[in-house]
Amino acid sequence: VSAGACSLTANQAGNGNYSAAPQATLNVTIGQAAQAITAFSASPASPVFAPGGTFTVSATGGASGNPVVFGTTTSAVCTVSGNTVTMVSAGACSLTANQAGNGNYTAAPQVALNVAIGQAVQVITNFVATPGAPVYAPGGSFTVAATGGASTSPVLFATTTPAVCTVSGNTVTTMAAGVCALTANQAADGNYTAAP
C-alpha cells in the first residue's frame with residue numbers, strides 16, 4: 001500500500017489436543033521505490049540567440065507526483081523560470097531537471113541537458129555616400145555611412161580600387177575620377193555572426 005514498516009501477525013487456533021499457538025509477529029520494512037526523469041528536451045532543440053529570447057524545456061517525471069524543477073548551471077548564458085529558458089548570450093546553456101521524493105519514492109537522480117544557443121545573423125544596411133555623386137578634386141573627399149547589425153563590432157569601410165579612392169575611417173579621399181568601389185564589413189562577436 002505504501003513504503004514503511006509493515007507489521008505482520010501469524011495466528012493458529014487450537015483444537016481438542018492443542019491450545020491456540022501464541023501469536024507471532026514480523027516487521028517488514030518496505031523500502032522507497034526509485035523514480036527517474038525521462039524525455040528531458042528543449043523546444044526548439046537548437047535555438048538562435050535573440051536578446052531576451054526564450055525557449056521551453058520539458059521532461060517526464062517519476063511516479064512521486066512531485067513536479068520536475070528546472071534550473072541552470074550557466075546563468076551567464078541562460079536563466080530559467082518554470083519551464084521557460086531566457087537567453088542571455090549565445091553559447092552552451094547547461095540545464096538541470098530535478099524531482100523530489102515522497103514517502104514512497106526516493107528523489108529522482110538529477111538529469112542534465114546541454115542546449116547550444118547559436119549565434120544570430122546580422123546585416124549591414126543603409127550603406128550610402130555623401131554626396132551621392134562626388135566630383136573629383138585633388139585631395140577631395142566625401143563620407144560614407146552604414147547601419148551595422150546588433151553585434152558590438154563596428155562597421156569598417158574599405159576600398160577595392162585604391163587608385164581611384166582611399167578610405168580612412170568613414171572618410172573617402174578621391175585619387176582620380178572613376179569608379180570608387182567601397183566595402184563595409186562588420187565582424188562577429190559572441191552573439192552574432194559576421195555580417196555579409
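This text walks through a predicted model, from its disulfides and core to its surface and backbone.

Start with the disulfides. The structure holds 2 of them. A disulfide is a covalent bond between the sulfur atoms of two cysteines. Counting bonded cysteines along the chain, the pattern is 1-2, 3-4.

One disulfide is formed by Cys78 and Cys93, with sulfur atoms 2.1 Å apart. The link of Cys78 and Cys93 is right-handed, with 90° about the S-S bond. Cys78 sits in strand β6 (residues 78-81) and Cys93 in strand β8 (residues 91-99), so the bond ties together parts that are 15 residues apart in sequence. Cys78 and Cys93 are both buried.

The other disulfide joins Cys165 to Cys180, with an S to S distance of 2.0 Å. The torsion about the S-S bond of Cys165 and Cys180 is about 90°, so this disulfide is right-handed. Cys165 belongs to strand β13 (residues 165-168). Cys180 lies in the loop between β14 (171-174) and β15 (182-186). The two cysteines are 15 residues apart, and the pair links distant parts of the chain.

Are Cys165 and Cys180 buried or exposed? Their settings need separate answers. Cys165 has a relative accessible area of 1%. Buried means under 20% relative accessible area, so Cys165 is buried. Cys180 has a relative accessible area of 23%, so Cys180 is partly exposed. Another cysteine to inspect is Cys6, which counts as partly exposed at 25% relative accessibility.

Now turn to the core. The largest nonpolar core has 22 residues. Which of its residues touch the most other members? They are Phe55, Val57, Cys93, Leu95 and Ile117. Cys93 is thus a name to carry over from the disulfides: it bonds to Cys78 and also belongs to this core. The elements giving two or more residues to the core are β3, β4, β5 (68-72), β7 (84-87), β8 and β9 (108-117). Strand β9 supplies the largest share, 4 residues.

Aromatic contacts come next. A search of the whole structure finds 3 aromatic pairs. One of them is formed by Phe49 and Tyr192. Their rings lie 5.8 Å apart, centre to centre, with 85° between the planes. That geometry is edge-to-face. Phe49 is in the loop between β3 (38-43) and β4 (54-60), while Tyr192 is in the segment after β15. The two residues are 143 residues apart, and the pair links distant parts of the chain. Phe49 counts as buried at 7% relative accessibility. Tyr192 is buried too, with a relative accessible area of 9%.

Move to the surface. Leu8, Leu26, Val28 and Ile30 make a nonpolar patch of about 310 Å². Which strand gives the most to the nonpolar patch? It is β2 (residues 21-30), with 3 residues. Val28 is placed in strand β2. At 33% relative accessibility, Val28 counts as partly exposed. Patch residues need over 30% relative accessible area, and Val28 has 33%.

Asn185 offers another partly exposed position, at 41% relative accessibility. Asn185 is in strand β15. Its C-alpha is 9.7 Å from that of Ala146, and the two residues are 39 residues apart in sequence.

Finally, follow the backbone. Two peptide bonds deserve a look. A cis peptide bond joins Ser43 and Pro44, with omega about 0°. Pro44 is in the loop between β3 and β4. That loop also holds Phe49 of the aromatic pair. A cis peptide bond also joins Thr130 and Pro131, again with omega about 0°. Pro131 lies in the loop between β10 (125-130) and β11 (141-147).

Then check phi. Ala39 is not a glycine, yet its phi is positive, about 55°. Ala39 is found in strand β3. At 54% relative accessibility, Ala39 counts as exposed. Asn126 is a residue other than glycine with a positive phi, near 55°. Asn126 is in strand β10. At 53% relative accessibility, Asn126 counts as exposed.

Definitions and conventions. Residues are numbered from 1 along each chain as its sequence is written. This is a predicted model: local features need pLDDT of at least 70, side-chain atom pairs count only at pLDDT 80 or more; totals for chains, interfaces and linings use all residues. Side-chain values use heavy atoms; hydrogens and water are left out. Patches are made of residues with over 30% relative accessible area and no salt bridge: like charges are joined within 9 Å, nonpolar side chains (Val, Leu, Ile, Met, Phe, Trp, Tyr) within 5 Å. Accessible areas come from the Shrake-Rupley method with a 1.4 Å probe; for residues, only the protein chains shown count as cover. A salt bridge is a side-chain nitrogen of Lys or Arg within 4 Å of a carboxyl oxygen of Asp or Glu. Buried means under 20% relative accessible area, exposed over 50%, partly exposed in between (1.4 Å probe, protein chains only). A disulfide is a pair of cysteine sulfur atoms within 2.5 Å. Rings of Phe, Tyr and Trp (its six-membered ring) pair if their centres lie within 6.5 Å; planes under 30 degrees apart count as stacked, over 60 as edge-to-face and the rest as tilted. A nonpolar core is a set of buried Ala, Val, Leu, Ile, Met, Phe, Trp, Tyr and Cys residues joined through side-chain atoms within 4.5 Å.
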